[in-house]
Amino acid sequence: MNMRIFAFATALACAVFAAREAPCAPSVKTEHVEAELVADKASAQPGKPITVGLKLRMQPHWHTYWKNPGDSGLPTTIEWILPAGWKAGEIQWPYPHPLPVGPLLNYGYEDEVVLLAELTPPANAPDARANVKAKSKWLVCKDICIPEEGELDLVLPVAAREPPPEPRWQAHIDRARNQLPVDARGWKYQSALQGKSLVVLLTPPEGTGAPAKAAFFPEREGLIEPAAAQKVTREGRALRIEMKLADPPPAGVKAVKGVAVSDAGWPAAEGRKAINVDAPIAASLGVAAATTSNTGALGGGTLLALLSALVGGVLLNLMPCVFPVLGIKVMGFVEHAHGEARAMRMQGIVYTIGVLVSFAVLTGLMLALRESGTQLGWGFQLQSPAVITLLAALFFVLALNLSGVFEWGAFAQSMTSNLSARGRYADAFLSGVLATVVATPCTGPFMGVAIGLTITEGAGMALAIFAMIGLGMALPVLVLALFPALLKKLPKPGAWMETFKQVLAFPLYATVAWLAWVLGAQAGNDAVFALLAGLVLVAMGAWFLGRWEHLQGGWRSAIAIILAAAGVLVAWPGAVAPMTAADAIPAARAGELPWQAWSPEKVRELTAAGQPVFVDFTAAWCVTCQVNKRVALNNDAVVKAFAARNVAPLKADWTRQDPRITAALSALGRNAVPVYALYVPGEDAPHLLPELLTPSLVLAEIAKLPAAKQGSAITQR
Amino acid sequence: MNRRSSLAIAVSSVLALAGANPAFAAASPGQPAPGFTVTDLDGKAVNLADYRGKTVVLEWHNFGCPFVQKHYRSGNMQSLQKKYAGDVVWLAVNSTNKTAWDYTEPAKLTKELRDFGAAPARYLVDEPGTMGMAYGARTTPHMYIIDPAGKVVYNGAIDDKRSTNVEDVKTAKNYVVAALEEMKTGKPVTVATTTPYGCTVKYK
């Protein structure tokens with residue numbers, strides 16, 4: 001009797017909506033959960049599957065369970081009661097969250113979960129309203145557990161027409177869909193039992209990388225100790241997850257199935273955070289063998305990466321910050337062109353060693369810091385205001401020297417003309433170090449991909465790639481040193497050299513100006529003033545050194561050093577109030593793109609709403625980024641094209657450390673800026689544009705997008 | 001034996017306190033059962049070694065849990081406790097910590113046990129959770145059987161119907177009954193490990 005009254009009430013409630021031909025599903029409230037059936041579309045088509053969901057809204061801190069509930073608990077069940085001829089698919093479970101309870105751990109959901117399923121009406125379903133019913137049972141727990149159940153109704157119109165979306169429920173279904181694990185393309189999975197551990201190895205497809213962190217949720221209950229910490233490490237390119245096996249482990253396990261979840265997302269997985277893993281258990285993983293065969297065979301991708309690293313390294317020499325150093329070095333050679341060929345050869349080799357050692361140190365530092373959990377990418381040195389300040393002071397001193405304000409004098413002679421062999425080697429080594437330090441801001445056009453590989457290929461590969469970049473950078477000097485005959489093609493030494501030297505000072509002054517601007521972006525206006533005031537003191541010290549050059553005695557150097565030290569002290573950036581991303585983005589001016597601050601959620605939101613998104617991964621200290629922005633992005637034609645296709649420009653500013661951006665870059669297989677990504681709604685992976693942009697290149701990419709609908713809003717701020 | 005086992009428990013509880021994720025031990029079939037000395041509801045010390053030569057059943061218990069209620073409302077657990085009272089020592093264990101929502105004071109617990117007609121030989125109050133951790137007990141109920149030689153022969157669920165539905169008790173395959181019957185006829189226990197189901201044990 002009760003039942004009938006309930007059903008009648010439902011039908012009555014739904015009758016109100018009947019006129020609107022909209023689906024209707026009254027919600028059921030229990031003490032801790034509000035349950036409701038939802039549908040993707042406003043109607044079902046005969047013979048076509050429609051996605052429906054059981055939406056459970058839990059009270060704060062209460063949770064329901066995944067298909068494997070972990071240490072305790074019970075998975076939610078749904079029993080469909082459908083009109084004749086209808087078919088229901090399996091429950092599609094969004095990826096679970098770890099829910100610790102004291103020393104134990106459960107897998108489940110807090111706040112809201114939508115368990116999805118596909119329902120298919122028969123091909124001959126009549127145009128009418130179908131009554132879909134679900135009997136569901138769930139265990140909802142906080143400190144205690146309450147078994148609850150509900151009988152839920154969904155009255156769904158069936159019609160032959162293309163079903164319109166159902167706006168009330170779309171967002172809930174979309175969110176759940178985004179949390180469904182997917183089969184990532186090209187990934188390989190292996191697993192093995194090693195003593196008391198279960199090891200799962202996830203190998204990404206060639207040319208992409210695995211995220212640094214992930215958690216594994218096995219489908220099978222009682223396979224692992226859910227609460228024992230999972231050890232996640234890199235093994236070559238692969239991600240290795242070691243878990244504690246349950247004691248005793250279940251017998252007859254042939255494969256490990258489950259879901260791997262990473263907040264950074266997985267490459268080749270539609271940007272999802274969770275992927276399905278099905279790993280056959282092998283006697284041993286043969287990881288060592290696989291890794292050696294990789295490096296031994298040097299796949300095409302690896303060779304190409306090493307080659308691009310070499311070319312990128314050579315191109316670094318043309319960057320405004322590196323060129324003067326190269327110039328000085330070459331001039332030194334010109335001066336010595338008629339000297340000993342052997343000594344010169346040695347100098348070239350020592351310079352190369354200097355470059356390689358500094359690259360190795362920087363790479364080692366980056367890897368060590370990454371290992372310790374800090375999210376870093378190449379160029380990380382420049383994310384620190386202190387490093388920027390020191391570099392600015394260094395460049396300024398070098399520039400003053402080139403301008404002829406002072407000579408290095410007793411302690412270093414001149415960079416170009418040190419006479420003792422030992423001093424010459426030290427000089428060559430130091431110019432190698434210097435060249436590396438100044439080169440880091442300028443990620444060369446070909447280096448992006450090569451550097452990206454280093455995060456995925458493990459430490460050995462990272463070192464190899466950076467060694468190739470270093471070799472490339474040292475190559476011009478090395479070639480000149482090894483083949484002195486080439487020097488004869490250069491002009492003879494003479495008065496022009498002094499002029500050339502002084503001219504070389506200007507790119508260095510320009511670099512100082514740029515560093516001051518970077519510091520401004522990082523630490524604000526006051527820091528820039530402090531830097532400039534400090535540089536005045538440094539200039540005074542240099543002038544002191546040059547003015548009384550003829551005088552002997554240590555006091556001259558002492559005063560110069562004191563003045564320079566005082567300068568650095570004045571310039572030293574204090575505690576810097578971190579600026580938020582919003583602060584960093586000024587209002588758009590006419591003729592510029594209306595940039596908005598980037599966040600992964602924003603990208604998802606906008607693309608889900610059907611808007612294409614262009615992301616500029618940039619940093620103030622990245623020269624290439626600034627050039628691209630001025631030349632190719634803030635260009636009238638490009639701005640108009642963005643507006644016409646309703647493309648949302650988002651700016652991911654990496655000027656300061658931002659682990660989210662590092663993670664996003666890593667998901668794209670990159671580890672340095674610039675990166676330009678165009679997300680097209682409905683497509684899994686973004687289009688990556690080259691690192692050197694031209695307006696026509698951007699326009700061509702934008703032109704491939706469909707035109708924005710008439711009357712739809714142009715990008716809003 | 002006595003001293004050594006309490007030492008083992010002391011050590012394991014120190015380990016448990018030391019780690020952020022306490023080393024959760026296990027009592028696997030074929031292994032010697034972890035020793036324990038725990039006070040029962042009447043304030044008397046109960047030691048595993050006292051029951052050498054007898055079969056011991058451990059039942060992790062908490063009336064606040066709907067899974068436990070299923071087996072008491074149906075009368076299932078009490079009837080087993082009574083049925084095997086002659087052959088085995090049935091020990092109910094409660095590892096719920098004092099701050100948990102469903103912790104029950106001893107006096108009230110005694111009354112509830114009486115009202116339900118529960119008949120375990122002893123009811124162990126493992127409020128610090130030391131014994132539960134040593135056994136790796138994760139749910140209520142979680143069942144263990146220890147043979148007369150002191151070895152674990154069963155670790156797992158009470159039956160194969162993981163639900164809170166009282167009706168399911170009738171149709172479920174009871175693993176504990178199956179194991180005890182096999183032991184009676186001198187056979188090895190066929191199903192020695194299952195995944196326990198129920199509410200999480202509320203450890204400290």
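**Reading a contact and a buried glycine**

Mentor: Let's start with the fold of chain B: its secondary structure comes to seven helices and nine strands. Keep in mind that this is a predicted model.

Trainee: Happy to. What percentage of the residues of chain B count as buried?

Mentor: Of its 204 residues, 43% do. For the contacts in chain B with a separation of 6 or more, 78% are between residues 24 or more positions apart.

Trainee: Could we take one residue? Why is B:Gly132 classed as buried or exposed?

Mentor: Good choice. The idea is to count neighbours: a residue is buried if 20 or more other C-beta atoms lie within 10 Å of its own. B:Gly132 has 29 of them within 10 Å, so B:Gly132 is buried. As for its place in the chain, B:Gly132 lies in helix H5 of chain B, residues 130-135.

Trainee: And which residues does B:Gly132 touch, not counting those up to four places away in sequence?

Mentor: They are B:Trp60, B:Val93, B:Ser95, B:Asp126, B:Ala137, B:Val201 and B:Tyr203. Look at B:Val201: it sits 69 residues from B:Gly132 along the chain, while their C-alpha atoms are separated by 8.4 Å.

Trainee: Now the interface. How is its size usually given?

Mentor: Often as the accessible area lost when the parts come together. Here we can look at residues instead: the contact takes 21 from chain A and 26 from chain B. On the side of chain A that touches chain B, strand E8 (104-110) and strand E11 (145-157) are the elements giving two or more residues. E11(A) gives the most, with three.

Trainee: What classes make up that side of chain A?

Mentor: It has twelve nonpolar, four polar and five charged residues.

How values were computed
Residues numbered from 1 in each chain as written. Chains lettered and ligands numbered in written order. Predicted model: local features only at pLDDT ≥ 70, side-chain atom pairs only at ≥ 80, totals over all residues. Contact = placed C-beta atoms within 7 Å. Helix = DSSP H or I, 4+ residues; strand = E, 2+ residues; numbered from the N terminus. Nonpolar A, V, L, I, M, F, W, Y, C, P; charged D, E, K, R; others polar. Buried ≥ 20, exposed ≤ 12 C-beta atoms within 10 Å, placed from the backbone.
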